[in-house]
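Biologist: Could you take me through this model and show me how each label was earned? I would like to see the cut-off next to the value every time.

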Amino acid sequence: MTNEQEKKFYVLRETWIYDVLQAPGDEVMLTPARAKMYLSSGAISETKPTPPKKKSSASSSSSSEG
């Protein structure tokens, strides 16, 4: 029995893990060996993905045109 400790990874894009479809943003626990496969394909990340920064709120004030 291997002594591999599972680590938390973050799903970057939809991917099947343990035959369950994981959605982007989900957290999954994987052993390093299994995670390596997904990491190499870019499906998961060890670091929490930062959400895209919202554009400055200038666009909302421009709605009072006309």
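Modeller: What follows is a short conversation about the labels given to this chain.

Modeller: A word on the ground rules: this is a predicted model, in which local features need pLDDT of at least 70 and side-chain atom pairs count only at pLDDT 80 or more, while totals for chains, interfaces and linings use all residues. Residues are numbered from 1 along each chain as its sequence is written, and side-chain values use heavy atoms, with hydrogens and water left out.

Biologist: Fine. How many helices and strands does the chain have, and what makes a run count as one?

Modeller: There are two helices and five strands, in the order β-β-β-β-α-β-α from the N terminus. Helices are DSSP runs of H or I with at least four residues, strands are runs of E with at least two, and both are numbered from the N terminus. Helix H1 covers 32-41 and helix H2 covers 58-61. Strand S5 spans 44-45.

Biologist: Which strands form the open sheet, and what makes two strands a pair?

Modeller: Three strands form it, in the order S4-S1-S5, with antiparallel pairing. Two strands pair if DSSP finds at least two bridges between them. S1 and S4 have four bridges, and S1 and S5 have two, so both counts satisfy the rule of at least two. As for individual partners, Phe9 is bridged to Val28 in S4, while Tyr10 stands opposite Glu27 in S4 and has Ser45 as its bridge partner in S5.

Biologist: Why are S4 and S5 called edge strands?

Modeller: Each of them pairs on one side only.

Biologist: Now the interior. Why is Gln22 called buried?

Modeller: Buried means under 20% relative accessible area, exposed means over 50%, and partly exposed lies in between, using a 1.4 Å probe and protein chains only. Gln22 has 13%, so the label is buried. Gln22 sits in strand S3, residues 20-22. Leaving aside neighbours within four places in sequence, Gln22 is in contact (heavy atoms within 4.5 Å) with Val11, Arg13, Glu14, Thr15, Ile17 and Val28.

Biologist: And Thr31, buried or exposed?

Modeller: Thr31 comes out at 17%, so this residue is buried. Thr31 lies in the loop between S4 and H1, and its contacts, again without neighbours within four places in sequence, are Glu4, Gln5 and Glu6. Over the chain, buried residues make up 21% of the 66 residues.

Biologist: What makes a group of residues a nonpolar core, and which residues are in the largest one?

Modeller: A nonpolar core is a set of buried Ala, Val, Leu, Ile, Met, Phe, Trp, Tyr and Cys residues joined through side-chain atoms within 4.5 Å. The largest here has nine: Phe9, Val11, Ile17, Val28, Leu30, Ala35, Tyr38, Ala43 and Ile44. Strand S1 (7-11), strand S4 (27-30) and helix H1 each give two or more residues to this core. One of the nine, Ala35, touches Phe9, Leu30 and Ile44, not counting residues up to four places away in sequence.

Biologist: How do you know that Lys7 and Glu46 form a salt bridge?

Modeller: The rule asks for a side-chain nitrogen of Lys or Arg within 4 Å of a carboxyl oxygen of Asp or Glu. The closest N and O atoms of Lys7 and Glu46 are 2.6 Å apart, so the pair qualifies. This pair links distant parts of the chain, with Lys7 in strand S1 and Glu46 in the loop between S5 and H2, 39 residues apart. Lys7 has 37% relative accessibility and so counts as partly exposed; Glu46, at 44%, is partly exposed too.

Biologist: How many salt bridges does the rule give?

Modeller: Three. Glu27 pairs with Lys8 at 3.2 Å between the closest N and O atoms. Glu27 lies in strand S4 and Lys8 in strand S1, so this bridge ties together parts that are 19 residues apart in sequence. Lys48 also meets Glu27, at 3.5 Å from N to O, and these two are 21 residues apart, Lys48 being in the loop between S5 and H2.

Biologist: What makes Lys8, Glu27 and Lys48 a network?

Modeller: Salt bridges link the three residues: Glu27 bridges Lys8, and Lys48 bridges Glu27. Glu27 is partly exposed at 40%, as is Lys8 at 41%, whereas Lys48 has 54% and so counts as exposed.
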